[in-house]
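Dear colleague,

I am passing on to you the structure we spoke about, with the sequence alongside. My notes on helix packing and on the nonpolar cores follow below it.

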Amino acid sequence: MPKTKPLTQTNRILVGDCAQLMRDLPAGSVDMVFADPPYNLQLGGELVRPNHTLVDAVDDDWDRFDDFAAYDRFTRDWLAGARHALKDDGTLWVIGSYHNIFRVGAILQDLGYWILNDIVWRKSNPMPNFRGKRFTNAHETLIWCAKSKDAKYHFAYEAMKNLNDELQMRSDWLFPLCTGSERLRDANGNKAHPTQKPEALLYRILLSSTKVGDTVLDPFFGTGTTGAVAKRLRRNWIGCEREHGYAKLAQARIEAVEEAPEAELLEPPAKRTQPRVPFGWIVERGLLRPGTMLFDHRRRHVAKIRADGCLVGTNHLGDHAGSIHKVGAAMQGLPACNGWTFWHFDDRGTLAPIDALRQRVIAEMH
């Protein structure tokens, strides 16, 4: 694997054609790419509401292409530039709508990217379908991909779980459109950019797949949402933007952002970095006693604790004995199970996860 050349300068906006600008960067120099490319909406005329007012739709020159072939050439060009700049273990995010995301996805795979997830951004306040001829278009799609199938990409699983109230983060995300004080406006009060994304969306993306000090590249920088959130989270950023007006707006916006004062608050420790605590230690300390019944959070599965820290239980799948993980998996008919989060004990009428007892033991070890 070739050595990564360090970037001589980050936290800057490069003005010009993004594909060329990315090819000019050192190969393998950025940790993540977030791309919000033109959607090629192919609008054929004005959109009018039932009250005869015009919809402020995306009709800028940068979203116009002669045909699908021209859009495909454009997509292949910037994706190749992003691949050049991206580290071997980096990841790329791209967002789009039904107008373009399927074409982008096919070209991603043609270029060797490996798709990890597609994420549905479900809008809590979508624009209605004024003509009543189609379903309301209430979502956009994000593709998250690695540079190759074998890439050792970063994913902040525990951080995403913490954001989601201790539940695994799903691939359907609910956020409102960018509105209110977050929406940048020009001197006349009009939207400064027609497709400005909400900061909450970029916050989740950056927290999930980058670390403090990583460098994030946005080839379609617009008004700088990626840079603003990256600065707040103590990530470095590079923006490519061909419109001088947008670059000026983005620069002013980012300069006003305050980054988090303490970097350690931005990196929640992964549970795998904590000391290993066998379940038997919980029994040895008397926090749970032999014969105590454990339950899943809905009380559908029951097992008893043995003196050696193993569990025994019976259900329609048979008799089960073994570790908290093995029995939890067997009783559900699954290949694996995290017993610490699956099993609960009755704490004065309320079910509590046995992981709470593990955390108590870990605290005593420090």
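In this predicted model, helix α6 passes helix α7 in a right-handed crossing. The axes of α6, which covers residues 225-232, and of α7, which covers residues 244-255, come within 9 Å and cross at roughly 20°; with angles under 35 degrees counted as roughly parallel, the two helices are therefore roughly parallel to each other. On the α6 side the contact is made by Thr225, Gly227, Ala228 and Lys231, and on the α7 side by Arg253, Ile254 and Glu255. Sorted by class, the residues of this contact comprise two that are nonpolar, two that are polar and three that are charged.

The other helix pair I looked at is α2 (residues 68-85) with α3 (residues 101-110), whose axes come within 10 Å and cross at roughly 45°, which makes α2 oblique to α3. Here, too, α2 passes α3 in a right-handed crossing. From α2 the contact draws on Phe68, Tyr71, Asp72, Thr75, Arg76 and Leu79, while α3 supplies Arg103, Val104, Ile107, Leu108 and Asp110. By class, the contact of α2 with α3 consists of six nonpolar residues, one polar residue and four charged residues.

Turning to the interior, the largest nonpolar core has 29 residues, and those with the most contacts inside it are Phe34, Trp93, Leu142, Leu201, Ile205 and Leu206. Two or more residues of this core come from each of the strands β2 (30-35), β3 (86-96), β4 (114-123), β5 (139-146) and β6 (172-175), and likewise from each of the helices α5 (199-209), α6 and α7; the largest share, four residues, is given by α5. Leu142 may be a useful residue to display, since leaving aside residues up to four places away in sequence it touches Phe34, Trp93, Val94, Ile95, Asn117, Asp118, Ile119, Trp121, Leu201 and Ile205. A second, separate core holds 28 residues, among them Ala85, Ile101, Cys145 and Phe220.

For the chain as a whole, there are eleven helices and 14 strands, and buried residues make up 44% of its 366 residues. Of the contacts between residues at least 6 apart in sequence, 66% join residues that are at least 24 apart.

With best regards

Conventions:
Residues numbered from 1 in each chain as written. Predicted model: local features only at pLDDT ≥ 70, side-chain atom pairs only at ≥ 80, totals over all residues. Heavy atoms only, no water. Axes fitted to C-alpha atoms, helices over the stretch in contact; angles between N-to-C directions. Parallel < 35°, antiparallel > 145°, perpendicular 65-115°, else oblique. Left-handed = near helix turned anticlockwise from the far one by under 90°. Contact = heavy atoms within 4.5 Å. Nonpolar A, V, L, I, M, F, W, Y, C, P; charged D, E, K, R; others polar. Core = buried A, V, L, I, M, F, W, Y, C linked by side-chain atoms within 4.5 Å. Buried < 20%, exposed > 50% of the residue type's maximum accessible area, 1.4 Å probe, protein only.
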